Amino acid sequence: MKIPKMIQEVNPEETTRAYAFEMWMKAPMPMVTLIKTLNVTRLRHISRKRGLKFNMLMCWCIGQAASRIKEFYMLPVGEKLIRYDNIAVNTIISNCNGEVNSCDIPFNDNLNKFNEDYLRLTRQVAEVCENHDIPDCMVIGTSALAQYNIDGAIGMYSGIFNNPFIIWGSYRHRWFKTSLTVSFQFHHTQMDGAHAARFLDSLQKQINDLY
């Protein structure tokens, strides 16, 4: 049986990203950031009702929204355009030494399975103080500054990692509504502003439809 490739280099000229690849791959600052305030009232309710971590639910909704947009499965790596079969969501973990580590969680559209992987892997990373990386997935980075009230954040462009990245602070609860402002950074070669805006709209829909 032939094993399917998890990662494949593609010719940009044979994709819908050909023009973007030519225009943005060598740009000194190819990253774009969109900021959006989400209504996370339902997410907070489900978190409390079912005893699930708010951050885990956010990561799952992010993965669910991204998995339905084909641009998320391609990423500029070095000077190449790479297509992935699967995606993962990354979260930053406080370890047992009081420092931080990075943890990739494979996306699964089954919330219970994703939650099991999230709890197992984040616990493992916190205990061993080593990053958990999944190199054969297109990884969406996240950073939750949940103890801080911030209005937005602009991510850093290292020139090494071109992965999309989402940052948020604490949610704001007022009367019967809970809101959360997120910052979404992406490489312009991977997607255009319209794709990113559609992703954020889809993220809101995933939150609204959570049960």
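Student: What makes the span of helix α5 a good match to expectation?

Tutor: Helix α5 covers residues 193–208, which is 16 residues, and its first and last C-alpha atoms are 23 Å apart. The expected span is 1.5 Å times one less than the number of residues, and for α5 that gives 22 Å, close to the value in the model. This is a predicted model, where local features need pLDDT of at least 70 and side-chain atom pairs count only at pLDDT 80 or more, while totals for chains, interfaces and linings use all residues. Residues are numbered from 1 along each chain as its sequence is written, and side-chain values use heavy atoms, with hydrogens and water left out.

Student: Which residues of α5 are called buried?

Tutor: Buried means a relative accessible area under 20%, exposed means over 50%, and partly exposed is in between (1.4 Å probe, protein chains only). In α5 the buried residues are His195, Ala196, Phe199, Leu200, Ser202, Leu203, Gln204, Gln206 and Ile207. They pack against several elements, among them β2 (31–39) and β10 (177–187). Packing is judged by contact, that is, heavy atoms within 4.5 Å.

Student: Why is the pairing of Asp201 and Lys36 called a salt bridge?

Tutor: The term asks for a side-chain nitrogen of Lys or Arg within 4 Å of a carboxyl oxygen of Asp or Glu. The closest N and O atoms of Asp201 and Lys36 are 3.5 Å apart, so the pair falls within the 4 Å limit. Asp201 lies in helix α5 and Lys36 in strand β2, so the bridge ties together parts 165 residues apart in sequence. As for the general idea, side chains of opposite charge can pair when their charged atoms come close.

Student: Why do Asp201 and Lys36 count as partly exposed?

Tutor: Asp201 has a relative accessible area of 47%, and Lys36 has 25%. Each value lies between the two cut-offs, so partly exposed is the right label for Asp201 and for Lys36.

Student: How many salt bridges are there in the whole structure?

Tutor: A search finds eight. One of them joins Glu9 and Lys80 at 3.8 Å, N to O. Glu9 is in strand β1 and Lys80 in strand β4, 71 residues apart. Another joins Arg172 and Asp151, with 2.6 Å between the closest N and O atoms. Here Arg172 sits in strand β9 and Asp151 in the loop between β7 and β8, 21 residues apart. Arg172 is partly exposed at 35%, whereas Asp151 is exposed at 60%. There is also a network of salt bridges linking Lys113, Asp117 and Arg120.

Student: How do you know that the buried residues of α4 lie on the same side?

Tutor: The buried residues of α4 include Leu111, Phe114, Tyr118, Leu121 and Val125. The full buried set covers an arc of only 165° around the axis, which puts it on the same side of α4. That arc is taken from the directions from the helix axis to the C-beta atoms. An α-helix has 3.6 residues a turn, so residues three or four places apart point the same way. On the other side of α4, Glu116 and Glu127 are exposed.

Student: What makes Asn110 a cap for α4?

Tutor: A side-chain oxygen of Asn110 lies 3.0 Å from the backbone nitrogen of Asn112, at the N-terminal end of α4. A polar contact is a pair of N or O atoms within 3.5 Å; within protein, one must be able to donate a hydrogen and the other to accept it, and residues adjacent in sequence count only if both atoms are side-chain atoms. The 3.0 Å distance is therefore within the limit.

Student: Why is His188 called buried?

Tutor: Its relative accessibility is 16%, so His188 falls under the cut-off for buried. His188 is in the loop between β10 and α5, and its side chain reaches the backbone oxygen of Met191 at 3.3 Å.

Student: How many helices and strands does the protein chain have?

Tutor: Five helices and ten strands. Helices (H or I, at least four residues) and strands (E, at least two) are DSSP runs, numbered from the N terminus.

Student: What makes the chain as compact as a globular protein of that length?

Tutor: Its radius of gyration is 17 Å, close to the 17 Å from the globule rule for 211 residues, so the description fits. The radius is taken over C-alpha atoms, and the rule is 2.2 Å times the number of residues to the power 0.38. Of the 211 residues, 49% count as buried.
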